[in-house]
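Grab your viewer and work through a few exercises on contacts, cores, rings and sulfur links. Each task comes with a solution right below it.

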Amino acid sequence: LGRRPLWQEVRGEYPPYPDDFVPAFGDEHLLGRAAAEADRANSSVSLAVKLLSRYATNIQRMPAGIPPQVYVWCHHSQSGSLVFPDSSEGVVVTLSVLQPPAFSYSTSAGPLAQIALARNVTFPPLVPRFELDGFPSYYYDEVAFTITPTLPSGVRMAPADGRIGPDPLPEQLSEAPVEYAVRAQSRYDVRRWREQQITVSVQEAAVCGLQGVKSTEALVSCALRDSDNLRLQAVYFLFAEYGSDVAHEPSSFSCYPGAMLRRNTGSVLETVCARTRAQCCCWAWIPGGDDATGRRAPLRSTVVSRVAHAACGFAQQSRYTGMSMAAGVNPLGQNQRTAVVSRVEFDFTVPKRDEAKPIQFEMKVDISYEAECDPVRNGPAAEAACKERMRAELVRLLGAPVEMIEVLHVRPG
């Protein structure tokens with residue numbers, strides 16, 4: 001300091017000073033004060049001075065290899081105006097590096113120890129939170145972060161602050177969860193560090209493929225998986241003629257985001273399709289998709305969707321390519337609407353539909369023609385009623401649709 005501080009300045013007791021009084025130090029230079037009582041004469045006491053964190057940044061940065069120092073002055077309540085040491089330079093205290101406190105990662109939803117990410121879907125950075133508020137309070141406690149093993153491509157950690165975020169989007173699949181060790185290492189003392197474990201996986205939200213194709217419909221099977229940054233609500237399909245150049249982007253799906261809540265009661269999801277000149281876009285609502293909150297148990301299931309050829313105008317013996325897109329909301333992004341297109345494509349050829357050919361045959365039945373079917377004896381409607389009874393019986397016995405059976409003639413025999 002420019003001079004020895006007064007005892008009032010040491011204790012923080014400021015009587016009225018003359019207008020021309022110049023303080024030995026300003027409030028912004030004060031790092032802390034403490035007081036203790038001695039139990040008896042000639043005894044020793046220890047004082048713990050807690051630094052005022054708002055001024056800790058004012059501690060002078062020293063050259064590399066030299067620890068910072070602070071200065072202390074003392075005053076005894078019975079010593080009058082005496083201040084120790086009686087000089088402008090107080091007792092020198094050399095500061096040491098603080099052991100990094102324990103920390104954990106968290107999002108706006110709270111702390112987490114593992115996170116499952118959907119490929120190609122953004123997420124807010126995961127921020128390390130130290131248990132000690134305000135750490136690091138000044139430069140000598142600063143840490144640098146490292147992580148092992150290497151994160152999947154598209155996910156990175158910032159060494160300066162330890163944030164784990166997209167770069168620019170999670171790209172490399174890592175279906176099996178991997179445990180990573182994050183180390184907060186002191187920049188000034190290699191012996192001071194702290195580690196925290198976090199588990200990360202990157203998965204495909206939907207993997208779809210052709211289950212089967214008939215002359216009237218195609219069945220598409222999809223393995224669906226919720227993640228922390230995508231809660232699934234619907235699955236979309238885009239069909240185009242084989243060999244068409246279609247971008248793997250949500251904008252290619254003309255019916256997105258048209259999916260609406262639609263409860264499917266059967267084991268196969270019925271799709272709603274919209275046809276354009278060169279493409280057909282279909283969607284199916286996923287069971288449970290109406291609950292996109294974090295309370296919903298993560299979806300891990302396989303669903304089958306039906307696409308009618310007539311709805312898309314598919315021609316017989318023509319080949320088509322299909323791609324899929326998972327859609328929902330991002331819980332880590334304030335439930336913003338989100339969709340991601342799968343890398344996997346599938347193709348199929350619509351089989352030829354053979355035209356049904358009628359078969360005509362005669363059969364003998366155990367019915368009294370004269371008693372039941374003869375129009376002369378039983379009236380003009382008797383023969384027609386007899387035909388209908390025989391038709392109903394054949395439908396029951398053969399299990400065939402009623403429109404496929406026709407009784408042409410009834411005669412005695």
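**Exercise 1.** Find which residues Ala234 touches, leaving out those up to four places away in sequence.

*Solution.*
Step 1: fix the criterion, where contact means heavy atoms within 4.5 Å.
Step 2: list the hits, which for Ala234 are Ala259, Ala284, Trp285, Ile286, Met325, Ala326 and Ala327.
Step 3: place the residue; Ala234 is found in strand S14, with strands being DSSP E runs of at least two residues and helices H or I runs of at least four, both numbered from the N terminus.
Step 4: pick one partner and compare sequence with space: Ala234 and Ala326 sit 92 residues apart along the chain, but C-alpha to C-alpha they are 6.3 Å apart.
Step 5: check burial; Ala234 has a relative accessible area of 3% and is buried, where buried means under 20%, exposed over 50% and partly exposed in between (1.4 Å probe, protein chains only).

Before going on, some ground rules: this is a predicted model, local features need pLDDT of at least 70, side-chain atom pairs count only at pLDDT 80 or more, and totals for chains, interfaces and linings use all residues. Residues are numbered from 1 along each chain as its sequence is written, and side-chain values use heavy atoms, with hydrogens and water left out.

**Exercise 2.** Work out which residues of the largest nonpolar core touch the most other members.

*Solution.*
Step 1: define the set: a nonpolar core holds buried Ala, Val, Leu, Ile, Met, Phe, Trp, Tyr and Cys residues joined through side-chain atoms within 4.5 Å.
Step 2: read off the hubs; in this core of 29 residues they are Cys208, Cys222, Leu224, Leu232, Phe239 and Phe314.
Step 3: ask where the members come from: S12 (206-213), S13 (217-225), S14, S17 (279-285), S18 (300-308), S19 (319-330) and S20 are strands that each supply at least two residues. The largest share, 4 residues, belongs to S14.
Step 4: look for another core; there is a second, separate one of 23 residues, and Phe130, Phe135, Ile164 and Leu332 are among them.
As background, nonpolar side chains tend to be buried together in soluble globular proteins.

**Exercise 3.** Classify the ring pair of Phe239 and Phe346 as stacked, tilted or edge-to-face.

*Solution.*
Step 1: recall the rule: rings of Phe, Tyr and Trp (its six-membered ring) pair if their centres lie within 6.5 Å, and planes under 30 degrees apart are stacked, over 60 edge-to-face, the rest tilted.
Step 2: count; the rule gives 18 aromatic pairs.
Step 3: apply it to this pair: the centres of Phe239 and Phe346 are 6.2 Å apart and the planes are at 75°, so it's edge-to-face.
Step 4: map it onto the chain; Phe239 is in strand S14 (residues 231-241) and Phe346 in strand S20 (residues 336-349), 107 residues apart, so the pair links distant parts.
Step 5: add the surroundings: Phe239 and Phe346 are both buried, and ring pairs join Phe237, Phe239, Phe314, Tyr320, Phe346 and Phe348 into a cluster.

**Exercise 4.** Describe the disulfide that joins Cys255 to Cys281, then two more.

*Solution.*
Step 1: set the cut-off (a pair of cysteine sulfur atoms within 2.5 Å), which yields 5 disulfides.
Step 2: take Cys255 and Cys281, with S to S at 1.9 Å; the torsion about the S-S bond is -60°, and the link is left-handed.
Step 3: locate the ends: Cys255 lies in the loop between S14 and strand S15 (268-270) and Cys281 in strand S17, so parts 26 residues apart in sequence are tied together.
Step 4: compare with Cys273 and Cys282, joined at 2.1 Å S to S; here the torsion is about 110°, so this disulfide is right-handed. Cys273 is partly exposed at 23% relative accessibility, whereas Cys282 is buried at 0%.
Step 5: finish with Cys373 and Cys386, whose S to S distance is 1.8 Å. Cys373 lies in helix H4 (residues 369-373) and Cys386 in helix H6 (residues 382-398), so this pair ties parts 13 residues apart in sequence.
Step 6: write the overall pattern, counting bonded cysteines along the chain: 1-2, 3-6, 4-7, 5-8, 9-10.
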